[in-house]
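Colleague: I've just opened this model and I'd like to go through how its pieces pack together. Mind if I start with a pair of helices?

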Amino acid sequence: MDKIYDVIIIGAGPAGLTAGLYAGRAGLETLIIEKDEEGGQISQTAEIENYPGSMEEESGYSLTERMSKQAGDFGAVIIKDTVKEISPEWEIKTIKCEKKDYMAKTVIIAAGTTPVNIGCPGEKELTGKGISYCATCDGAFFQDMDVYVVGGGNSAVEEAIYLTRYAKKVTVIHRREKLRAEKPIQKKAFANEKIGFMWNSVVKELKGDGFLEAIITENIISGEKTEIKADGEDSSIGLFVFIGSDPKTEIFAKHLKTERGYIVTNDDMETEIPGVYAAGDIRVKNLRQVITAAADGAIAAFCAAKYIESKI
Ligand code: NAP
């Protein structure tokens, strides 16, 4: 018979890795299934300065590496596979993946979120050719170039600051005249002379022959359209998009209650199906941060252990 894990965790971001650490430490047979890179969205974050105890200039990547090692040291096994379907209703839950099926007494869904696209003409065609969703991955390609960032939240403003390491100038294109980003992050950006702002503006079209060459924006108050083109010898510009994220809940939504796509849980991370938990950005909550994801993961693993104990 195939192995039955005590807990299977879907996703190896801060929520999943912390759940793995707590479950492993509680002596549970723990499997973490991750389809991409460990770390989830933070693997692409240049600097995490608000996670307690994070080191100076701590990157999402380095924090993830330590979290992952810690979970592994306590016995959690991390594998690469893509979850296709889950059958969570039975006492023993089945997780169908691309490579193999797995079984577990409890499941913690910590699959996180995925970046939202602008959805304008040219975006799809020019992604990876001047348009990016990850400053840490692609920032260095834009050395001494003019770079534009779309969005006004923490991600957009933090990544705009990061991009000033490489770019000649970074312009934040935001649809309102007030940033959503937290005040300390805003303050840093306003103090950075390489950063400019285009307020009340949205991106309508992206043009380029093989590489991004022009951004068409529209002022939502005046309706005026502007074509931003690379100046001087540069024939290309860069555009980084940070306009929020969508939860990765398609395969879970038919089994679990969701609100605007996010999984509904109680304070113990329990969903309405016994033995099934959700943790991190994928669940309905007010504050999506590394610390709240980690806290969710710890609570979910603790409650999964209690649930298993109650069945003995
Ligand atoms: P977010 O906070 O949801 O911000 C999204 C931004 O994109 C908003 O400014 C929004 O404008 C804008 N936007 C949304 N749809 C748009 C569209 N179609 N066209 C143009 N602009 C659009 O997303 P986020 O910045 O990715 O952050 C996600 C979560 O992670 C947040 O909870 C954030 O606090 C957290 N986070 C935390 C840190 C940190 O603590 N260091 C770092 C990164 C992210 P409006 O403002 O007008 O709505």
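Colleague: When H5 passes H6, is the crossing left-handed or right-handed?

Modeller: Quick caveat first: this is a predicted model, where local features need pLDDT of at least 70, side-chain atom pairs count only at pLDDT 80 or more, and totals for chains, interfaces and linings use all residues. Residues are numbered from 1 along each chain as its sequence is written, and side-chain values use heavy atoms, with hydrogens and water left out. The axes of H5 (residues 154-163) and H6 (residues 183-191) come within 10 Å and cross at roughly 35°; axes are lines fitted to C-alpha atoms, for helices over the stretch in contact, with angles from 0 to 180 degrees between N-to-C directions, and helices (H or I, at least four residues) and strands (E, at least two) are DSSP runs, numbered from the N terminus. A crossing is left-handed if the near helix is turned anticlockwise from the far one by less than a right angle, and right-handed if clockwise; for H5 passing H6, the crossing is left-handed.

Colleague: Which residues of H6 make that contact?

Modeller: Contact here means heavy atoms within 4.5 Å. On the H5 side the contact is made by Asn154, Val157, Glu158 and Ile161. Facing them from H6 are Ile185, Lys188 and Ala189.

Colleague: And how many residues in the contact of H5 with H6 are charged?

Modeller: The classes go like this: Ala, Val, Leu, Ile, Met, Phe, Trp, Tyr, Cys and Pro count as nonpolar, Asp, Glu, Lys and Arg as charged, and the others, Gly among them, as polar. In the contact of H5 with H6, four are nonpolar and one is polar. The number of charged residues there is two.

Colleague: Over to the open sheet of five strands: why do S8 and S11 each have one side left without a neighbour?

Modeller: The order is S8-S15-S9-S10-S11, and the pairing is parallel; two strands pair if DSSP finds at least two bridges between them. S8 (131-132) and S11 (195-198) therefore each have one side without a neighbour in the sheet, since each stands at an edge with a single partner strand.

Colleague: What angle does H5 make with S9, by direction?

Modeller: Take S9 (residues 146-150) first: four bridges join this strand to S15 (residues 238-241), with the two running parallel. One of those pairs puts Val150 opposite Val241 in S15. H5 packs on the sheet, touching S9, S10 (169-173), S11 and S15, and its direction relative to that of S9 makes about 170°.

Colleague: Which elements do the buried residues of H5 pack against?

Modeller: Buried means under 20% relative accessible area, exposed over 50%, and partly exposed in between (1.4 Å probe, protein chains only). In H5 the buried set is Ala156, Val157, Glu159, Ala160, Tyr162 and Leu163. These buried residues pack against H4 (135-138), S9, S10, H6, S11 and S15.

Colleague: Next, the open sheet with the order S12-S13-S14: what is the average turn between neighbouring strands?

Modeller: The pairing in this three-stranded sheet is antiparallel. Ignoring direction, its neighbouring strands are turned against each other by an average of 25°.

Colleague: What is the bridge partner of Thr217 in S14?

Modeller: S13 (residues 214-219) and S14 pair in the antiparallel sense over five bridges. Within S14, the partner of Thr217 is Thr226.

Colleague: How many charged residues does the contact of H1 with H8 have?

Modeller: H1 (residues 14-25) and H8 (residues 290-310) pack at about 35° with their axes 7 Å apart, in a right-handed crossing. H1 brings Pro14, Ala15, Thr18, Ala19, Tyr22 and Ala23, which meet Val290, Ala293, Ala294, Gly297, Ala298 and Ala301 of H8. By class that gives 10 nonpolar and two polar residues, while the count of charged ones is zero.

Colleague: Which residue of S2 stands opposite Ile10?

Modeller: Six of the seven residues of S1 (residues 4-10) are buried, so this strand is largely enclosed by the rest of the structure. S1 runs parallel to S6 (residues 101-109) over six bridges, with Ile8 opposite Val107. Four bridges join S1 to S2 (residues 30-34), also parallel, and opposite Ile10 in S2 stands Ile33.

Colleague: Last one: how many disulfides are there?

Modeller: Cys97 is buried, with a relative accessible area of 8%, and Cys303 is buried at 9%. A disulfide is a pair of cysteine sulfur atoms within 2.5 Å, and by this rule the count of disulfides is zero.
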